[in-house]
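Colleague: Could you walk me through this model before I go back to the bench? I would like to go from the overall layout to the details.

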Amino acid sequence: MTTRYSPTAWSTLPRGWDNNADGWPEHRRDALHEIVLLDNKVESIFETACCTGHYIKRLREIGYPGTYLGIDITPEFVIEARKLHPNEVFEICDIRDLPLFWRSPRPLFDLTLVTGILQHLSPEDLPDALSEVALVTEKYLLLSYTQAEETKITFDGKFFQNYYSEEYMRGLVPEDFEVETYRNVGRFATVLLKRKK
Ligand SMILES: C[S@@+](CC[C@H](N)C(=O)[O-])C[C@H]1O[C@@H](n2cnc3c(N)ncnc32)[C@H](O)[C@@H]1O
């Protein structure tokens, strides 16, 4: 089974799936809500799977003044994000290639956003991706993904569309982090992890 899909695969999806659509579904509101609760404890944000930049748009609208770096595997989304938000920094990068992407030493961010991407990684890539984002996160890691009672991995030759149980994901929490809030809403879980003191 191949676990590396084409970086242009996402752009072949119908509109709406691509998240270029201006929709603001419940799980995004939940994630934003968690970030807002962090108040002014966050001065730098790293976003994996930034798509066309909808989170940073909302965060600026509600007054987030800090620095931001967004990465996404899909070149079209990054190009669009740069057009829509010329004052932000967006780079094309696969979350699985982050160790190559950083110029040493690794940077550090107060908050890393990992929303809507974990369900699209293979079970082999998932722990490494989480460990890598943990390494660049000084305070908070915000995860949001599709969840179900039982973990279910599906791959159609192009995409993983997985569901993770709470138990499965709790087992993958990086060791220096602990669960601050765990929210299940419908088929999404939004989990805020905090670095242990
Ligand atoms: C379901 S959308 C989620 C967008 C946004 N993070 C959100 O929560 O609304 C999935 C995004 O993940 C990106 N993506 C998928 N696999 C990726 C990978 N391996 N590395 C980086 N980005 C990836 C896609 O290009 C797409 O923008």
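Modeller: What follows is a short tour of the fold, the core, the strands, the ligand shell and a few individual residues.

Colleague: Fine, so what am I looking at, and how many helices and strands are there?

Modeller: This is a predicted model, and the protein in it has 6 helices and 7 strands. Read from the N terminus on, the elements run α-β-α-β-α-β-α-β-α-β-α-β-β.

Colleague: What share of the residues counts as buried?

Modeller: Of the 197 residues of the protein, 36% count as buried. As for the contacts with a separation of 6 or more, 63% of them come from residues 24 or more positions apart.

Colleague: Which residues touch the most other members of the largest nonpolar core?

Modeller: That core holds 44 residues, and the ones touching the most other members are Leu111, Val114, Leu118, Leu141, Leu142 and Leu143. To take one of them, leucine 118 touches Leu126, Leu143 and Tyr145, if residues up to four places away in sequence are not counted.

Colleague: Leu126 is in helix H5, I see. Which residues of that helix are buried?

Modeller: H5 covers residues 125-135, and its buried residues are Leu126, Ala129, Leu130, Glu132 and Val133. They lie on the same side of H5, because they cover an arc of only 165 degrees around the axis.

Colleague: And what do those buried residues pack against?

Modeller: The buried residues of H5 pack against three strands and one helix, namely E1 (44-48), E4 (109-115) and E5 (137-146) together with H4 (98-101).

Colleague: Let me switch to the strands; what does E7 pair with?

Modeller: E7, which spans residues 188-195, is mostly covered, with 6 of its 8 residues buried. E5 pairs with E7 in the antiparallel sense over 7 bridges, and one of the bridge partners is threonine 190 in E7, which faces serine 144. E6, residues 177-185, also runs antiparallel to E7 and is joined to it by 8 bridges, and here valine 185 has phenylalanine 188 of E7 as its bridge partner.

Colleague: What sits in the turn between E6 and E7?

Modeller: E6 and E7 form a hairpin with 2 residues between them, and glycine 186 in that turn has a positive phi of about 55 degrees.

Colleague: Now the ligand, please; which residues are closest to it?

Modeller: The ligand is surrounded by 17 residues, of which Ala49, Ile73, Thr74, Thr115 and Gly116 are the closest. By type, the shell divides into 7 nonpolar, 6 polar and 4 charged residues.

Colleague: What about the backbone at Ala49, then?

Modeller: Alanine 49 has a positive phi of about 60 degrees although it is not a glycine. Its place is the loop between E1 and helix H2 (54-61), and alanine 49 counts as buried because 22 other C-beta atoms lie within 10 Å, where 20 or more are needed.

Colleague: Which other residue in that loop has a positive phi?

Modeller: Cysteine 51, also found in the loop between E1 and H2, has a phi near 55 degrees, again a positive value in a residue other than glycine. Cysteine 51 is buried too, since it has 22 C-beta neighbours inside 10 Å.

Colleague: Where is Asp72, and is it buried or exposed?

Modeller: Aspartate 72 is in strand E2, residues 67-72, and it is buried, with 27 other C-beta atoms within 10 Å. Leaving aside neighbours within four places in sequence, aspartate 72 is in contact with Ala49, Cys50, Cys51, Phe77, Val78 and Ile92. Its C-alpha atom is separated by 6.2 Å from that of threonine 48, although the two are 24 residues apart along the chain.

Colleague: Last topic, the prolines; where is the cis peptide bond?

Modeller: The cis peptide bond joins serine 104 and proline 105, with omega at about -5 degrees, and proline 105 lies in the loop between H4 and E4.

Colleague: And Pro123, which loop is that one in?

Modeller: Proline 123 lies in the loop between E4 and H5, and it is partly exposed, with 15 other C-beta atoms within 10 Å. The C-alpha atoms of proline 123 and isoleucine 153 are separated by 7.8 Å, with their positions 30 residues apart along the chain counted as the distance apart.

Technical notes: Residues are numbered from 1 along each chain as its sequence is written. This is a predicted model: local features need pLDDT of at least 70, side-chain atom pairs count only at pLDDT 80 or more; totals for chains, interfaces and linings use all residues. A residue is near a molecule or strand if its C-beta atom, placed from the backbone, lies within 6 Å of it. Ala, Val, Leu, Ile, Met, Phe, Trp, Tyr, Cys and Pro count as nonpolar, Asp, Glu, Lys and Arg as charged, and the others, Gly among them, as polar. A nonpolar core is a set of buried Ala, Val, Leu, Ile, Met, Phe, Trp, Tyr and Cys residues joined through C-beta atoms within 7 Å. A residue is buried if 20 or more other C-beta atoms lie within 10 Å of its own, exposed if 12 or fewer, and partly exposed in between; C-beta atoms are placed from the backbone. Two residues are in contact if their C-beta atoms, placed from the backbone, lie within 7 Å. Helices (H or I, at least four residues) and strands (E, at least two) are DSSP runs, numbered from the N terminus. The arc is that of the directions from the helix axis to the C-beta atoms. Two strands pair if DSSP finds at least two bridges between them.
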